[in-house]
Amino acid sequence: MAKHADGVICLTGGALGPLGKLLVDGQDDKARLLAQHLKGLFGDRLYIEIQRHPTADGRRTAEESASEPGFLKLAYGLDIPLVATNDVYFAKPDMYAAHDALICIADGAYVDQQHPRRTLTPEHYFKSQDQMATLFEDLPEAIENTVEIARRCAYRARTHDPILPKFADDEVEELRRQARAGLKARLAVIPHAVSEKEYEARLDFELGIIEGMGFPGYFLIVADFIHWAKDQGIPVGPGRGSGAGSLVAYALTITDLDPLRYSLLFERFLNPERVSMPDFDIDFCMDRREEVITYVQEKYGRDRVAQIITFGALLSKAAIRDVGRVLQMPYMQVDRLSKLIPLDGVKPLSIKKALIEEPRLKEAADDEEVVARLLDYAQQLEGLLRNASTHAAGVVIGDRPIDELVPIYKDPRSDMPATQFNMKWVEPAGLVKFDFLGLKTLTVIQGAIDLLKARGIEVDIGAIPIDDQKTYELYASAKTVGVFQVESSGMMDALRQMKPTCIEDIVALVALYRPGPMENIPKFCKVKNGLEERDLLHPSIDHLLDETQGIIVYQEQVMQIAQEMAGYSLGGADLLRRAMGKKIAEEMAKERPKFEKGAFENGVDRKKATQVFDLLEKFANYGFNKSHAAAYAVVSYQTAWLKANHPVEFMAGAMNCDLHLTDKLHVFFEEIKRLKIEIIPPCVNRSNADFSVVDGKIAYALGGLKNVGVEAMRMIEVAREDGPFKDIFDFAKRVDMKRVGKRPIEMLARSGAFDLLDSNRRKVLESVNALLAYSAACHDDKNSSQHSLFGDGGEDLPVPRLPMPDIWLPTELLAQEHQAIGFYLSGHPLDDYIGPLKRQRPPVLTYGELVQKSAGMAAVVAKIAGTISGVQTRKSARGNRFAFVQLSDPTGMYEVTVFSDVLESAGELLSVGQNVVLSVEATVEGEQLKMLARGVIPIDSEVAGAAAKGLTVFVNDEAAMPSMASLLARDAKGAKGPINLILLDPSLPGDVEISLPGNYPMSPQVKSALKSIAGVVTVEEF
């Protein structure tokens, strides 16, 4: 304290401060010594602090009553001035109860708990000047000193021009050297969009502006860490934002788009007529971005590099969950209330708005006092800052220790300091922000390239042909699951309309597919495909709109039109674009006559100039930055090229980036089936922790199972390096199953990952405890015998006796597999129902058949079967319940809307895991099939009269016979029919057919059960 006392004003704290605690404990002498010591350190900058927080009965807290006489005695006895303060925790007195709940949230306590906890009083609110003067009217000097302190510590943070570390002694010359050498290297390998002289002239022009604005060091710093990243093999994006319009950035390999090839404008990035810092947003592989930040820390000094602080607010859903916990409400009730809050995009509505839009929320509050209390507290707390964290990408680099420019904050989860100024205020303080963004798509691309390299195929993704026919065919057919920027159903619909044939089409689509501009997509597509004539504006500017079919799509086009038609400089045109885009009325009033005058001087009549200006004003409002669209279109093309030319490696790479997102893996699995790529199910002998490629097939990742850790699965990979596991006991010996964990081992068993070691999944699951104990004993013995002369530990331990239960029937096997994987991988519960469903008149359709039947139709009424995977109930504005029901069948996933009448009659049928047949009305909206349920029945009721006439069972092992006999001997209701056996055995002269005497059950369940018996090859209907 003594070291840092100079210039600091010190208040002693209230009754709970160090001085107050001594007085409350009756240690007056020690309190006096402490006060004298503090006065010696701070002199006339020390104030004795008095607080008064009257309780409900008008008296002060016990601590305040006990300490105040001592404070006064010390102040007058040692000539230390008094100051009156009030501990402020909330704005108004009626926020006391809500804030009490907030204290419990912070402390992990409960509002109504019996044992003591930290509390405040209703007086800890923000009191007015008059209230404080009344409270301390007997000590007027204590109030007066608050003004004195305010005057003494008044301070305004100084603003600085941008401060950067010096990169080179002569940064101007160094930038020129690197840029010219870089451009020469680029021109040696790229197709030239214009002549070399034009490239060189553009480079000199940009360098002149960069030097004049004082930014050479910024470009050099960015180029340096990008060069380093690329040298380390860390994927870097081709560009993002307006920086892709700079040829200097392209020459320095900051970006990888030739701005002249794509007609990108430097002035959109750096405008000499509006001086502001350049801002490169750099995309890195999300897995290795931290390595680049570490490099920057090491190069410039760890005390000179910092993240930027952000403040997290308590939003409505989180407020409800936190308050519900401290009120000790049941978790399920709080979870239900939280889920009732509607979303506005990705953010939840405020509780105030939610109470208006979601009637069930208000009903719950009216029905239960505790819910009303919860919503009242949560409504007062939402919006408060609940935590400090760091900006996802922003990093500042200084030429001196950061704490000399701004105060810093230490995030306990990071070894890197953070500025206490947020993003808005770090730059006025002199710090320059660099954005190190993690882009998952770069990781997908690198993953696919690594998988290709493993089988000897080298791909330079930056050098792939930009006119690959297979890639554009993939775009045109909208087979773009996993393709960057064009995965949504709306984007797919736009691709089908557009039928892209060049990269410019993809650039345009990236720019157009946003609210507002997307209304121009149909026009763009019709003009492109010759179905409609393009609009012509004026001969002087029509050529600027050739690549966008006569539609103004880009901000750069707005600037070019102003330049060509009205004689604006590109810098002035950028100012015009900004004024139009931000609807700055004053600026627009100045620009309109300027534009019309310039156009008139260029031979354009005033009426046409006014028309074009009005058009620019409309389009500038939602025109897109072409530099950004072009850069992201290139990344999109790279993913599309990989999928079109190397689909197996691409899909494996994509799945590795969403390893823990079950829903996303399910979407990719359906796409893999559509692509007819074979998938190897989870297997401890063939699968890795990640998705991998084996002989042209995708091996399902062990780390892709639910409730397993990737690192735990890597232990299995390591143990397998000595060869495949021979049986389940060999696995237990070589893998420390205790370290892997019981839950992950159970998931492996459920998924079938042990099938090659023991095909009875039920047996393996029920043996997990015994196997864990055996594995632990083997590894304990191995560790204690690591220096033994008699071989590995565990060799002499007897293997445990495992239970021998019957195998799971197919329905149970699939249910267990679904629990482990999150979807059906090896089959579907409806597989054996397809035949009977087809025999219905009219037949029950699959989802795939219904999609085909609905094409081009206004509406289709049909029956469709499905297994229910999810149900979300809602209440309409009129108070009627309805539901969105998610289902699947062997051809895909789909959703059906169920209104109140059907919902009530369906009852328990609409629950997860049920197999049902729905009567639906299907309509096509856009490219989506919308289905409305008209009725629901159990699937077994539907197929009861459509059983197979008979079954042919192919058997290659006589051991199957007892199980078959036991199954067929069961008395079952429903249709019956004959069964023929086909015996397959090399010792027989050929296939032997045997007709079993009598008739047997023909239900789908029996067919499925027969197929599951070991030794049965397949079962066919006849």
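Trainee: In strand 14, which residue is the bridge partner of Val 694?

Mentor: Lys 697. Before we go on, this is a predicted model: local features need pLDDT of at least 70, side-chain atom pairs count only at pLDDT 80 or more, and totals for chains, interfaces and linings use all residues. Residues are numbered from 1 along each chain as its sequence is written, and side-chain values use heavy atoms, with hydrogens and water left out.

Trainee: How do you know that strand 13 and strand 14 pair?

Mentor: Two strands pair if DSSP finds at least two bridges between them. Strand 13 and strand 14 have three bridges, so the condition is met. Their sense is antiparallel. The strands themselves are DSSP runs of E, at least two residues, while helices are runs of H or I, at least four; numbering starts at the N terminus.

Trainee: What makes strand 12 and strand 13 edge strands?

Mentor: Look at the open sheet first. Its three strands have the order 12-14-13, with mixed pairing. Strand 12 (679–680) and strand 13 each pair on one side only.

Trainee: What lies across strand 13 and strand 14?

Mentor: Helix 28 does, at about 20° to strand 14. Axes are lines fitted to C-alpha atoms, for helices over the stretch in contact, and angles run from 0 to 180 degrees between N-to-C directions.

Trainee: Why is the packing of helix 18 and helix 28 called oblique?

Mentor: Take the angle. Helix 18 (residues 440–454) and helix 28 (residues 647–657) pack at about 135°, with axes 8 Å apart. Angles under 35 degrees count as roughly parallel, over 145 as roughly antiparallel, 65 to 115 as roughly perpendicular and the rest as oblique. The angle falls among the rest, so helix 18 and helix 28 are oblique to each other.

Trainee: Is the crossing of helix 18 and helix 28 left-handed or right-handed?

Mentor: Right-handed. That is, the near helix is turned clockwise from the far one by less than a right angle; anticlockwise would be left-handed.

Trainee: Which residues make the contact?

Mentor: Contact means heavy atoms within 4.5 Å. Helix 18 contributes residues including Val 444, Gly 447 and Leu 451, and helix 28 residues including Phe 650, Gly 653 and Cys 657. The contact of helix 18 with helix 28 divides into eight nonpolar, three polar and two charged residues. Ala, Val, Leu, Ile, Met, Phe, Trp, Tyr, Cys and Pro count as nonpolar, Asp, Glu, Lys and Arg as charged, and the others, Gly among them, as polar.

Trainee: What makes helix 7 roughly antiparallel to helix 8?

Mentor: Helix 7 (residues 171–187) and helix 8 (residues 196–213) pack at about 155°, axes 11 Å apart. That angle is past the antiparallel cut-off, so helix 7 is roughly antiparallel to helix 8. Their crossing is right-handed. Among the residues in contact are Leu 175, Arg 176 and Leu 183 of helix 7, with Tyr 199, Leu 203 and Glu 211 of helix 8. The split for helix 7 with helix 8 is nine nonpolar, one polar and six charged.

Trainee: What is the order of the open sheet of six strands?

Mentor: 4-11-8-5-10-9, with mixed pairing. The edge strands are strand 4 (281–285) and strand 9 (408–410). Neighbouring strands are turned by 50° against each other on average, direction ignored.

Trainee: How do you know that strand 9 is joined to strand 10?

Mentor: Three bridges join strand 9 to strand 10 (residues 417–419), and the two run antiparallel. In one of them, Ile 408 has Thr 419 as bridge partner.

Trainee: Gln 549: buried or exposed?

Mentor: Buried means under 20% relative accessible area, exposed over 50%, partly exposed in between (1.4 Å probe, protein chains only). Gln 549 has 15%, so it is buried. It lies in the loop between helix 22 (521–528) and helix 23 (555–566). Its phi is positive, about 55°, although it is not a glycine.

Trainee: Asp 695: buried or exposed?

Mentor: Its relative accessible area is 70%, so Asp 695 is exposed. The residue sits in the loop between strand 13 (692–694) and strand 14 (697–699). Phi of Asp 695 is near 50°.

Trainee: Why point out such values?

Mentor: Most residues other than glycine have a negative phi, and most peptide bonds are trans. Arg 841 and Pro 842 are joined by a cis peptide bond, with omega about 0°.
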